[in-house]
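User: I keep meeting words like "buried" and "patch" in structure notes. Please show me how such labels are earned.

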Amino acid sequence: MSIPLLEYSPSSQNQRVEGYEVPNEDTPTIYCLNTATSDADIDAIIWAGYRQVFSEHLILASYRQRFLESQLRNRAINVRDFIRGLGKSEVFRTQVADLNSNYRLVDIILKRFLGRAAYNKDEEIAWSIVIATKGVHGFIDALLDSDEYLQNFGDDIVPFQRRRFGSSPFNLVNPRYNSYWRDVQSTRLMGGRSFYSARTTGQLTTEDIRRAIPANFFAMAGKIIITERNYQRTIASVSSQVKTLEIPDTSREVTTEEVTIKPVAVSLPYRYVPGIVKN
């Protein structure tokens, strides 16, 4: 008995909002099988499917799925079945599915098959449970049979990134360049051992040991616990100190002395005026 899909709340993304943009280079090209009237149109649809699912702009001969191409050219299958076959191919498993954790694999497959990123962590967890119980093929079947896929692409349209504005196309993201993939490579190189065990056993060369140093350094740095400052408590402590702080009185006392002014006899000018006779 499989676990039912967990409920999650969708967030507001570009593809869920009606827009009134003028068509430009960000406007996706629609590749539809119903409007294909020549072999060149079929070739364009096949090429768009490879580019969307495999994220490769130069498809190698070993990557091509000749059987699926032949069925699509003869109209034995529709575009949705062609995309389903590409997702279940050995190339997709080795180049995408085996290189990522379930959480990141959910985000990559949603971008390539539904044309949008994961809404939130809840959706990644919900679909990762589907991968754990039904596998990658069951996850791809659930997406291609969903109402969201049928409403946006139907049976004859190649999936595309819906309303891309301000970000690089999803199909340009290489799944191999990720911290998870680097850690897996380091673990495989070290044979599942740590740097210290490899150093003490002496079975690896100096170059092999040096390659493992960065991964071990990041693991060690992630375990370091840094004491965080509680700014709210600090502000409350400072405010309390300011309120109870006594400011010393540094003013000086000013003393004023009373000054007594004595009268001084002044000779008025008219006493010296000539011609004035005193009686």
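Analyst: Here is how the labels follow from the values. This is a predicted model, in which local features need pLDDT of at least 70, side-chain atom pairs count only at pLDDT 80 or more, and totals for chains, interfaces and linings use all residues. Residues are numbered from 1 along each chain as its sequence is written, and side-chain values use heavy atoms, with hydrogens and water left out.

User: How many helices and strands does the chain have?

Analyst: The chain has 11 helices and zero strands. Helices (H or I, at least four residues) and strands (E, at least two) are DSSP runs, numbered from the N terminus.

User: Why is S146 called buried or exposed?

Analyst: Buried means under 20% relative accessible area, exposed over 50%, partly exposed in between (1.4 Å probe, protein chains only). S146 has 18% relative accessibility, so S146 counts as buried. S146 sits in the loop between α6 and α7. In the chain of 279 residues, 33% count as buried.

User: What does the side chain of S146 reach?

Analyst: The backbone oxygen of L143, at 2.5 Å. A polar contact is a pair of N or O atoms within 3.5 Å; within protein, one must be able to donate a hydrogen and the other to accept it, and residues adjacent in sequence count only if both atoms are side-chain atoms.

User: What makes L6 buried, exposed or partly exposed?

Analyst: L6 has a relative accessible area of 41%, so L6 is partly exposed. L6 lies in the segment before α1 (39–54).

User: Which residues form a nonpolar patch with L6?

Analyst: Y103 and I125 join L6, with about 240 Å² of accessible area together. Patches are made of residues with over 30% relative accessible area and no salt bridge (a side-chain nitrogen of Lys or Arg within 4 Å of a carboxyl oxygen of Asp or Glu). Nonpolar side chains (Val, Leu, Ile, Met, Phe, Trp, Tyr) are joined within 5 Å, like charges within 9 Å.

User: Why is α5 described as largely enclosed?

Analyst: In α5, 10 of the 12 residues are buried, so the rest of the structure largely encloses this helix. Among the buried ones are R104, D107 and F113. Their cover includes α1, α3 (79–87), α4 (90–95), α6 (121–144) and α7 (147–152).

User: How do you know what span to expect for α5?

Analyst: The expected span of a helix is 1.5 Å times one less than its number of residues. α5 (residues 102–113) reaches 16 Å from its first C-alpha to its last, close to the 16 Å expected. G115 follows α5 and has a positive phi, near 75°.

Technical notes: Accessible areas come from the Shrake-Rupley method with a 1.4 Å probe; for residues, only the protein chains shown count as cover. Contact means heavy atoms within 4.5 Å.
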